[in-house]
Amino acid sequence: LTLFVRNTTVYPLNFRKTLKIYVSATIEERNGFDAWSAKQSVQPLNGTAGQDSTGESVDPNHFVVIQAEYGELTAQITSHQAASVELRLEGVNPGSELIDQTHGVMLKHEHDFNSDMSSILSVSTAYKKQNRTASEIAWLFLSQYDWNAEMGLKYTGIQSHLIQAGVQFVYEDNLHSFFHDVGENKQLLYDEDTHGLGFYIDDHYSYNEKLTLIGGVRVDHNTLVDKDKLYGGRIAGVLQATDIWTSKLLYNRTNRLPSPMSSLNQLWGFNKPNAPVWATGSPNAKKAEQLATIKWGNSLSLEKVHLFLNLYHQELKDFITWGSPHSNVGDFEGNGLEFSLIYQLSDEVSLWGNAAYNN
């Protein structure tokens, strides 16, 4: 059951500026389902057979956004909570709960110096908390304040170019994070603050009416990983080959940082004597994931038919495992194809279908 409410109100404060307020709220409550069999499921999971309890929300979840715009200033408040009963597969009590909370504030200022140059300045902070409890077995508590700031410029003064550049800063105040197991006292996982600094610049160049070239680079430093600098970037060409055919060739390389839980963990990991048995087989993740993608996309628009075809090759280095204790486990690669078709039956009705293959 989902209740969604949105309201927009405009207050004219004077003849030059207008205050706009946006309010959006979603409240969700999830019912559970009967996930287990009295005859086929292991104990104690088979004890919940016939009960619609797996996956149900503990409390009503919510997501609220309040945003105000006044001239060049924008302010936003967000609040999000998701609480549910987890699906457990390891033969333990299925009543484990997962609670995720994020509450944040953002301020942004955008200014046009002239017709060619504009700036953006934003600051934000958020409190994040995750609480995972396994009934009568263990519980995990993680919490964090993060602070973000960005300063950027956009310049169109060079003919056919749109240049953007900026600096981003993040500071993560990682609070006391604990793990508690049966028969053990509460144990500290980590209590170490981290920070990061990133610089980016990119350019959109319209070579002519048919061809647009895009290039950009990003350099990051973050104390979550051992490496001094992380490099990312993209280069692309968009060709309007004919009135009905558009083709885009793209290369993109990006980095994903490990979480504090993955990289700062003092309790779990290889050769950690006080770690649970399941958390001793691999070291902490101390490298960023790096994903490189080459993609060729095409769209063909006929009178009533629109066709889309994408081919891609991806290479993933230093993949971070999804399960605890998170670790860099190796390199992977894959290829894929995506195809979509839209047929316009009339102005009001269209048919669509798609297919994909990946290896």
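This is a tour of selected sites in a predicted model, given in the order in which to select them.

**Serine 263**

Start by selecting serine 263, which sits in helix α1, the run of residues 260-263. Is serine 263 buried or exposed? Its relative accessible area is 4%, and since buried means under 20%, serine 263 counts as buried.

Next, show what surrounds this residue. With neighbours within four places in sequence left aside, serine 263 is in contact with Leu224, Pro258, Asn284, Ala285 and Lys286. Draw a distance from the side chain of serine 263 to leucine 224: a polar atom of that side chain lies 3.4 Å from the backbone oxygen of leucine 224. Then add proline 325 to the selection. Serine 263 and proline 325 are 62 residues apart along the chain, and their C-alpha atoms are separated by 9.5 Å.

**Serine 122**

Move to serine 122, in strand β6, which covers residues 117-134. Serine 122 is buried as well, with a relative accessible area of 13%. Which residues does serine 122 touch, apart from neighbours within four places in sequence? The contacts are Leu107, Lys108, Asn148, Ala149 and Glu150.

**The second largest pocket**

Strand β6 also leads to the next stop, as one of the elements that give two or more residues to the lining of the second largest pocket. The space in this pocket is about 570 Å³. To find the centre, select Gln168, Gly198, Tyr200, Arg218 and Asp220, the closest to it of the 31 lining residues. For the walls, colour the strands that give two or more residues: β6, β7 (138-155), β8 (161-174), β11 (194-206), β12 (211-222), β13 (230-239) and β14 (245-256). Colouring the lining by class instead gives 11 nonpolar, 14 polar and 6 charged residues.

**Aromatic pairs**

Now show the aromatic side chains. How many aromatic pairs does a search of the whole structure find? There are 5. Select tyrosine 205 and tyrosine 207 for one of them: the ring centres are 6.2 Å apart and the planes stand at 80°, so the pair is edge-to-face. Tyrosine 205 is partly exposed, at 26% relative accessibility, while tyrosine 207 is exposed, at 51%.

Another pair is formed by phenylalanine 319 and tryptophan 322. Here the ring centres are 6.2 Å apart with the planes at 80°, and because angles over 60 degrees count as edge-to-face, this pair is edge-to-face. Phenylalanine 319 is buried, with 18% relative accessibility, whereas tryptophan 322 is exposed, with 76%. Add Phe332 to the selection to see the cluster that ring pairs make of Phe319, Trp322 and Phe332.

**Two positive phi values**

From phenylalanine 319, step to aspartate 318, in the loop between β16 (305-317) and β17 (332-344). What is its phi? The phi of aspartate 318 is near 55°, a positive value in a residue other than glycine.

End at asparagine 271, located in the loop between α1 and β15 (289-301). The phi of asparagine 271 is likewise positive in a non-glycine residue, near 60°. In a surface view, asparagine 271 counts as exposed, at 63% relative accessibility. Helix α1 at one end of this loop is the helix that holds serine 263, where the tour began.

Key: Residues numbered from 1 in each chain as written. Predicted model: local features only at pLDDT ≥ 70, side-chain atom pairs only at ≥ 80, totals over all residues. Heavy atoms only, no water. Helix = DSSP H or I, 4+ residues; strand = E, 2+ residues; numbered from the N terminus. Buried < 20%, exposed > 50% of the residue type's maximum accessible area, 1.4 Å probe, protein only. Contact = heavy atoms within 4.5 Å. Polar contact = N/O pair within 3.5 Å; in protein donor to acceptor, adjacent residues only side chain to side chain. Phe/Tyr/Trp six-rings, centres within 6.5 Å; stacked < 30°, edge-to-face > 60°. 1 Å grid on protein atoms, 1.4 Å probe; cavity = no way out; pocket = protein on both sides within 12 Å on 5 of 7 lines; lining within 4 Å. Points joined across faces, edges and corners; volume = space filled by probe spheres on them. Nonpolar A, V, L, I, M, F, W, Y, C, P; charged D, E, K, R; others polar.
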